[in-house]
Amino acid sequence: LTVAVSPSGRDLTRPDHLPHLRSDGEPPDPLWLPRQRAGATPQMIGRYPDYDVLANEANWDAATRAVVRARLGDPPPMRFFTASEQPTLRALCDVATGQDVEPRVPVAEMVDEKLAAGRLDGFRYADMPKDPDTWRLMLRGLDESAARSGAESFAACNTEQQEAIFAAFAKASLHGGVWDELNVSRAFSVCMRAILASFYSHPWAWNEIGYGGPAYPQGYMRMGPTSVLEPHERPGATSEDPVREESGS
Amino acid sequence: MQRWLRDTLKGATGPRDNDSRYLLDVHRRDLPGQETMAVYTDGDEVDLCIVGAGAGGSVLAQRLAREGWRVVIIEAGPFWHPDEDWVSDEAGSHRLYWNESG
């Protein structure tokens with residue numbers, strides 16, 4: 001590593017990535033990770049710099065390829081969230097997924113698209129409003145919490161303030177205004193369900209974590225006798241059968 | 001089969017008869033078996049009527065049909081084509097769920 005201090009001034013010399021094992025209990029700045037060389041990842045850093053899940057797309061069926069490819073283009077303008085809600089939503093998605101520079105997975109647009117199309121999850125807690133209403137209340141609550149800490153809005157807060165409010169949101173320790181009308185813990189669950197499902201459905205996030213991506217029809221082409229190999233498979237190093245027959249069979 | 005004989009044949013024989021003989025035809029896609037699937041009219045008498053082609057009903061129908069039963073399944077949901085509607089992607093499959101949210 002040639003960079004020892006990140007632009008934000010954080011120490012990058014400790015690549016130990018398990019927060020609980022670190023004396024300060026904080027995750028390290030992700031900039032210690034290598035730059036992505038193949039394909040793209042969020043912020044172009046990741047643990048698998050030469051891995052690109054899209055290099056395998058010729059082995060996917062056409063329907064799967066179309067669904068994954070559709071996530072890669074520029075997202076359409078938001079339809080569900082109002083112009084005044086959008087900056088708060090973007091700031092929330094950025095702080096939740098740790099995305100601070102381009103390229104970003106357009107999580108805010110993906111959440112908006114899901115809510116605008118009415119593609120809800122089909123379930124909700126008995127003491128919670130419908131998910132679209134929860135989202136609007138939640139964004140208002142974040143702005144209220146930001147105002148209480150002296151900022152104009154959640155989006156206008158600096159990163160430390162946003163992370164502090166977000167951490168309080170995660171611990172359900174936000175109070176006052178909207179938060180007194182809402183089960184904060186469940187609101188956080190509703191929020192993160194949509195944000196994480198959107199983020200990790202994007203091929204850039206797959207590159208970052210080394211996820212293998214779709215597996216069809218490859219893997220399902222030669223089912224049946226194990227002696228029949230798929231085109232990408234190679235014979236084993238030995239012909240030994242791992243499932244031994246009982247003697248005398 | 002003796003181990004030495006099977007090793008000599010080197011995979012030229014199929015597996016012992018088991019459920020794998022019912023697996024999909026590896027050389028065909030689309031809807032294998034559709035043309036041989038029995039179709040009954042409203043007036044036909046059958047042995048069993050299953051409500052709901054879910055994970056339980058579908059398997060029950062298949063197993064009993066193998067044994068020669070005349071089986072009908074009634075399903076309220078739409079028909080999903082395995083090649084065109086099913087994708088190998090979790091977020092892309094959410095629309096298949098029966099969640100009453102459109």
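A residue counts as buried when its relative accessible area is under 20%, as exposed when that value is over 50%, and as partly exposed in between. The model described here is predicted, and this division is a convenient place to begin reading it.

Take A:Leu196, which is found in helix α6, the run of residues 184-199 in chain A. Its relative accessible area is 36%, so A:Leu196 is partly exposed. On the surface, A:Leu196 belongs to a nonpolar patch together with A:Tyr200, A:Ile209 and A:Tyr211, and these residues contribute about 360 Å² of accessible area together. Membership of such a patch requires over 30% relative accessible area, and A:Leu196, at 36%, is consistent with that requirement.

From the nonpolar surface we can turn to the charged side chains, for which the count over all chains comes to 14 salt bridges. One of them pairs the side chains of A:Arg71 and B:Asp89, with a nitrogen-to-oxygen distance of 2.6 Å. Because A:Arg71 lies in the loop between α1 (62-69) and α2 (86-97) of chain A, while B:Asp89 lies in the segment after β2 (71-74) of chain B, this pair joins two chains. Both partners, A:Arg71 and B:Asp89, are buried.

Within chain A, the side chains of A:Arg104 and A:Asp94 meet in a salt bridge of 3.1 Å, again taken from N to O. This pair links distant parts of the chain, since A:Arg104 sits in the loop between α2 and α3 (107-116) and A:Asp94 in helix α2, the two being 10 residues apart. With a relative accessible area of 23%, A:Arg104 is partly exposed, and A:Asp94, at 21% relative accessibility, also counts as partly exposed.

Helix α6, already met through A:Leu196, returns in another salt bridge, in which the side chains of A:Arg186 and A:Asp127 meet at 2.9 Å, N to O. Here A:Arg186 belongs to helix α6 and A:Asp127 to the loop between α3 and α4 (131-148), so that distant parts of chain A, 59 residues apart, are linked. A:Arg186 is partly exposed because its relative accessible area is 29%, a value between the two cut-offs, and A:Asp127 counts as partly exposed for the corresponding reason, its relative accessibility being 44%.

Salt bridges can also be followed beyond a single pair: in chain A, A:Lys114, A:Asp121, A:Asp131 and A:Arg193 are linked in a network of salt bridges.

Conventions. Residues are numbered from 1 along each chain as its sequence is written. Chains are lettered from A and ligands numbered from 1 in the order in which they are written. This is a predicted model: local features need pLDDT of at least 70, side-chain atom pairs count only at pLDDT 80 or more; totals for chains, interfaces and linings use all residues. Side-chain values use heavy atoms; hydrogens and water are left out. Patches are made of residues with over 30% relative accessible area and no salt bridge: like charges are joined within 9 Å, nonpolar side chains (Val, Leu, Ile, Met, Phe, Trp, Tyr) within 5 Å. Accessible areas come from the Shrake-Rupley method with a 1.4 Å probe; for residues, only the protein chains shown count as cover. A salt bridge is a side-chain nitrogen of Lys or Arg within 4 Å of a carboxyl oxygen of Asp or Glu. Helices (H or I, at least four residues) and strands (E, at least two) are DSSP runs, numbered from the N terminus. Buried means under 20% relative accessible area, exposed over 50%, partly exposed in between (1.4 Å probe, protein chains only).
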